[in-house]
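User: I'd like to learn how to read a model like this one, feature by feature. Can you walk me through it?

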Amino acid sequence: MSTKIGVVGGGTMGNGIAHVFAQAGHPTVLMDVNQAALDRARGMIEKNLGRQVKKEAISQADASATLDRIDFTTEVKAFEGAALVVEAIFESLDAKRDIYAKVDPVLGDDAILASNTSSISITQLASATSRADRFIGMHFMNPVPIMKLVEVIRGHVTSDATCNQVVEMASALGKIPVECNDYPGFVSNRILMPMINEAIFALHEGVATAEAIDQIMKLGMAHPMGPLALADFVGLDICLNILDVLYDGFRDPKYRACPLLRNLVAAGHLGRKSGQGFYSYA
Ligand code: NAD
């Protein structure tokens, strides 16, 4: 029988993570503190499975079986017996520490706890648990059912056995796990965010319009999305937060967030989710 998996937080990332584990045959517990978030997660998973059925990627029976494998709950004790719990609550060190204090004692000695954090130190998160050697970063990309990469981040004391097990589990989902070590921004955001920031500086300095900057990067570098459209998709507040993590973590001014980005966030222009960022989403 497939091992039991837990996911904490049923938001954008958590519902996708539960979807892919359940689809791979794992009995999956999706826990959230908020019943409305669980209802939304269920609706989103149903909708995404429906899309896969429409594309004839899976059968209706597969879709129903996947949904049946997910236990939607507000109870942490439902994680009992899980081999792996992936935490995907919002990006706050204190909130993540609080939830680990509740999840950690429920898990067996061999269980692995992983975080989907985009930017918080895995080593620091691990130290808030009783299982630092069995703690790891499992950074799925949005949208989870579609994106192939899982950035696997080894904390300072993550064991080889933990890393190997997580790599194996991610591969069994049909994902491509790629390992890296725990430094600010890991690899993905350390490279992506300075590129986005530079695009914002180019706009700020009047080098070109937003449309021109994005077109140049799409047509010239074969990027599927321009950096400013991508920033709107990720959320400008998230981009600013990650740039600040890079700036603080390395104490290097090359990661200084563009003042235009700060202004947009202060104005509540957060990208797609607020309806306005570098572009308007009416
Ligand atoms: P989100 O705000 O969409 O969802 C967070 C969910 O966690 C909410 O449903 C909330 O009710 C729930 N939650 C909050 N506190 C909780 C608790 N104590 N116990 C259980 N549930 C709780 O967030 P998201 O965008 O899915 O991001 C989750 C994590 O994934 C963050 O660490 C983020 O940095 C990371 N991440 C996000 C993206 C992205 O594109 N959104 C990509 C990669 C990684």
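**Reading the model, feature by feature**

Analyst: Let's start in a loop: A222 sits between α8 and α9. Keep in mind that this is a predicted model.

User: What is the backbone doing at A222, and is the residue buried or exposed?

Analyst: Look at phi for the backbone, then at accessibility. A222 has a positive phi of about 60° although it is not a glycine. Its relative accessibility is 65%, and exposed means over 50%, so A222 counts as exposed.

User: Where else does a residue that is not a glycine have a positive phi?

Analyst: Go to R251, where phi is about 50°. R251 belongs to the loop between α10 and α11 (259-266). With 71% relative accessibility, R251 is exposed.

User: Now a helix. How many residues of α9 are buried?

Analyst: For a helix, go through its residues and apply the cut-off: buried means under 20% relative accessible area. In α9 (residues 227-234), 6 of the 8 residues pass, so the helix is largely enclosed by the rest of the structure. The buried ones are P227, L228, A229, L230, A231 and D232.

User: Which helices do those buried residues pack against?

Analyst: They pack against α7 (188-204), α8 (210-221) and α10 (236-250). While you're there, check the end of the helix: just after α9, G235 takes a positive phi of about 110°.

User: What about nonpolar cores? How many residues does the largest one have?

Analyst: Find the set, then ask which residues hold the most contacts within it. The largest nonpolar core here has 35 residues, and I17, F21, L30, L84, M138 and F140 have the most contacts inside it. Helix α1 (residues 12-23) is its biggest contributor, giving 6 residues. Another core lies apart from it, with 27 residues that include A202, A210, A229 and L246. You've met A229 already, as one of the buried residues of α9.

User: How is the chain divided into domains?

Analyst: Take the bounds before you look at the interface. Domain 1 covers 5-181 and domain 2 covers 189-274. Their centres, taken over C-alpha atoms, are 28 Å apart. The contact takes 5 residues from domain 1 and 5 residues from domain 2.

User: What area do domain 1 and domain 2 bury between them?

Analyst: About 380 Å², with 53% of it on carbon and sulfur atoms. On the domain 1 side, S118, S119 and N142 supply 74% of the area buried against domain 2, more than any other three residues.

User: And how many salt bridges and polar contacts link domain 1 and domain 2?

Analyst: The salt bridge count is 0. For polar contacts, the rule finds 1 residue pair across the interface, with both residues at pLDDT 80 or more.

User: N142 came up there. What is the peptide bond from N142 to P143 like?

Analyst: Omega is the angle to read for that. The bond from N142 to P143 is cis, with omega near -5°. P143 is in the loop between β6 (135-140) and β7 (149-154).

User: Let's do a charged side chain. Is R131 buried or exposed?

Analyst: Combine location, accessibility and partners. R131 lies in the loop between α5 (122-126) and β6. Its relative accessible area is 3%, so under the 20% cut-off R131 is buried.

User: Which polar partners does the side chain of R131 have?

Analyst: It makes a polar contact with the side chain of D104 at 2.6 Å. The R131 side chain also reaches the backbone oxygen of G108 at 2.9 Å. Leaving out residues up to four places away in sequence, R131 touches D104, L107, G108, D109, A111 and L113.

User: What would the same reading give for K4, and where does K4 lie?

Analyst: K4 is in the segment before β1 (5-8). K4 is partly exposed, with 24% relative accessible area. A polar atom of its side chain lies 2.6 Å from the backbone oxygen of E80. Beyond neighbours within four places in sequence, K4 is in contact with residues including P27, V29, F79, E80 and L84.

User: How far is K4 from Y279?

Analyst: Their C-alpha atoms are separated by 42 Å, and the two residues are 275 residues apart along the chain.

Definitions and conventions. Residues are numbered from 1 along each chain as its sequence is written. This is a predicted model: local features need pLDDT of at least 70, side-chain atom pairs count only at pLDDT 80 or more; totals for chains, interfaces and linings use all residues. Side-chain values use heavy atoms; hydrogens and water are left out. Helices (H or I, at least four residues) and strands (E, at least two) are DSSP runs, numbered from the N terminus. Buried means under 20% relative accessible area, exposed over 50%, partly exposed in between (1.4 Å probe, protein chains only). Contact means heavy atoms within 4.5 Å. A polar contact is a pair of N or O atoms within 3.5 Å; within protein, one must be able to donate a hydrogen and the other to accept it, and residues adjacent in sequence count only if both atoms are side-chain atoms. A nonpolar core is a set of buried Ala, Val, Leu, Ile, Met, Phe, Trp, Tyr and Cys residues joined through side-chain atoms within 4.5 Å. Domain bounds come from an automatic or database domain assignment. Buried area is the accessible area (1.4 Å probe) that two parts lose on being put together, summed over both. A salt bridge is a side-chain nitrogen of Lys or Arg within 4 Å of a carboxyl oxygen of Asp or Glu.
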